[in-house]
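The following report describes the architecture, pockets and selected residues of a single protein chain. It moves from the pockets to the strands and then to individual positions.

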Amino acid sequence: LQIATIGPTLDIDYSDNRFLPTRGSITRFSIDYSHPSLGSSNGVDFFRAEAAHTVYTRLGSPNFVWANSIRGGYLRNLSDDPGSGVPTSYAFLLGGIYSVRGFDSFSASERIPKDQTDRNGNKFKVERGNEKLIHSNSQYYLVRSELRFPIYDVHGGVLFYDGAGVRISGYDFDRPYRDAVGFGYRYNTPVGPLAADIAFKLNPDQDTGRREQIFRFHLSIGTF
């Protein structure tokens, strides 16, 4: 699929350090609009908006920081043409090191029905790549909380909680909200930390045939 979008992004940064913040806040708003007249394939006509707000609070010392973030988004297919939809690369599929740790980047919505027909007769199928995915509208919300503390010199640790929910109009999820807790190690550099996290799913699905891995290990660079 050809996908062309246009739209503004606004960043409001009141943090004391862009790479290793210890106080202040960062807010971001972004909008994407796609239409065939902009160069997208026929049937690719959608509106997507996201907003995020993160607050950093020192707990008596610059070395002890409590970071809290909330993020949300709205997505809508604007075309009524048969077979139209929002491509997978623009859909809200949460999971992984930058959203809900404990899940991989393609499984936080792992309770999405894989091959199901919605109320309007549209087939819903999750695939990698730019397959058309959302035929109507979708919303998501994400909360993250992380306590950061020093260990020695440039070495640090974290305790965290991540949780998120995704909704797609016309579909019913077994568990629309998924969350995880965990701990991690940070090697702080001038351009951001090297991170190693172990996250544990809360209430993992242990039903036969759908058994989830209880924990997951993540490596990343940077922080939220």
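## Pockets and strand architecture

The lining of the largest pocket is made up of 14 nonpolar, nine polar and twelve charged residues. The model is a predicted one, and the values below are to be read with that in mind.

This pocket encloses about 790 Å³ of space. Its lining comprises 35 residues, and R18, T54, R71, T223 and F224 lie nearest the centre of the pocket. Seven strands are named as giving two or more residues to that lining: strand 2 (9–13), strand 3 (24–34), strand 4 (46–58), strand 5 (65–77), strand 10 (137–152), strand 13 (192–201) and strand 14 (215–221). Strand 4 provides the largest share, with five residues.

The second largest pocket has a volume of about 340 Å³. It is lined by 19 residues, and those closest to its centre are L20, P62, N63, R148 and N188. Here the elements that contribute two or more residues are strand 10, strand 11 (155–168) and strand 12 (177–189). Strand 10 therefore appears in both lists, as a contributor to the largest pocket and to the second largest pocket. By class, the lining of the second largest pocket has eight nonpolar, seven polar and four charged residues.

### The chain as a whole

The chain contains zero helices and 14 strands. Read from the N terminus, the order of elements is β-β-β-β-β-β-β-β-β-β-β-β-β-β. Of the 224 residues in the chain, 44% are buried. Among contacts with a separation of 6 or more, 57% link residues that lie 24 or more positions apart. The accessible surface amounts to about 11,800 Å², and carbon and sulfur atoms account for 55% of that area.

### Strand pairing around strand 10

Strand 10 has pairing partners in strand 5 and strand 11. With strand 5, strand 10 runs antiparallel, and twelve bridges join the two. Within this region, G73 stands opposite Y140 of strand 10. Strand 10 and strand 11 are also antiparallel, and 14 bridges join them. In this pairing F149 faces G157 of strand 11.

Which residue in the turn of the hairpin formed by strand 10 and strand 11 has a positive phi? The residue is D153, and two residues lie between the two strands of this hairpin.

### Backbone angles in two loops

In general, most residues other than glycine have a negative phi. D153, a residue other than glycine, has a positive phi near 55°, and N203 likewise has a positive phi near 55°. The loop that holds D153 lies between strand 10 and strand 11. The loop that holds N203 lies between strand 13 and strand 14.

Are these two residues buried or exposed? D153 has a relative accessibility of 65%, above the 50% cut-off, so D153 counts as exposed. N203 has a relative accessibility of 61%, so N203 counts as exposed too.

### Two strand residues and their surroundings

I168 belongs to strand 11. Because its relative accessibility is 5%, under the cut-off of 20%, I168 counts as buried. I168 and H135 are separated by 33 residues in sequence, while their C-alpha atoms are 9.1 Å apart in space.

T5 is located in strand 1 (residues 5–6). With a relative accessibility of 32%, T5 falls between the cut-offs of 20% and 50% and so counts as partly exposed. T5 and L38 are 33 residues apart in sequence, and the distance between their C-alpha atoms is 7.1 Å. Leaving aside residues up to four places away in sequence, T5 touches D32, Y33, S34, F46 and Y90.

The relative accessibilities of these residues are gathered below.

| Residue | Relative accessibility | Class |
|---|---|---|
| I168 | 5% | buried |
| T5 | 32% | partly exposed |
| N203 | 61% | exposed |
| D153 | 65% | exposed |

Note on methods:
Residues are numbered from 1 along each chain as its sequence is written. This is a predicted model: local features need pLDDT of at least 70, side-chain atom pairs count only at pLDDT 80 or more; totals for chains, interfaces and linings use all residues. Side-chain values use heavy atoms; hydrogens and water are left out. Helices (H or I, at least four residues) and strands (E, at least two) are DSSP runs, numbered from the N terminus. Buried means under 20% relative accessible area, exposed over 50%, partly exposed in between (1.4 Å probe, protein chains only). Contact means heavy atoms within 4.5 Å. Accessible areas come from the Shrake-Rupley method with a 1.4 Å probe; for residues, only the protein chains shown count as cover. On a 1 Å grid over the protein atoms alone, a cavity is a set of points where a 1.4 Å probe fits but cannot get out, and a pocket is an open set with protein on both sides within 12 Å along at least five of seven lines; lining residues have an atom within 4 Å of a point. Grid points are joined across faces, edges and corners, and a volume is the space filled by probe spheres set on the points. Ala, Val, Leu, Ile, Met, Phe, Trp, Tyr, Cys and Pro count as nonpolar, Asp, Glu, Lys and Arg as charged, and the others, Gly among them, as polar. Two strands pair if DSSP finds at least two bridges between them.
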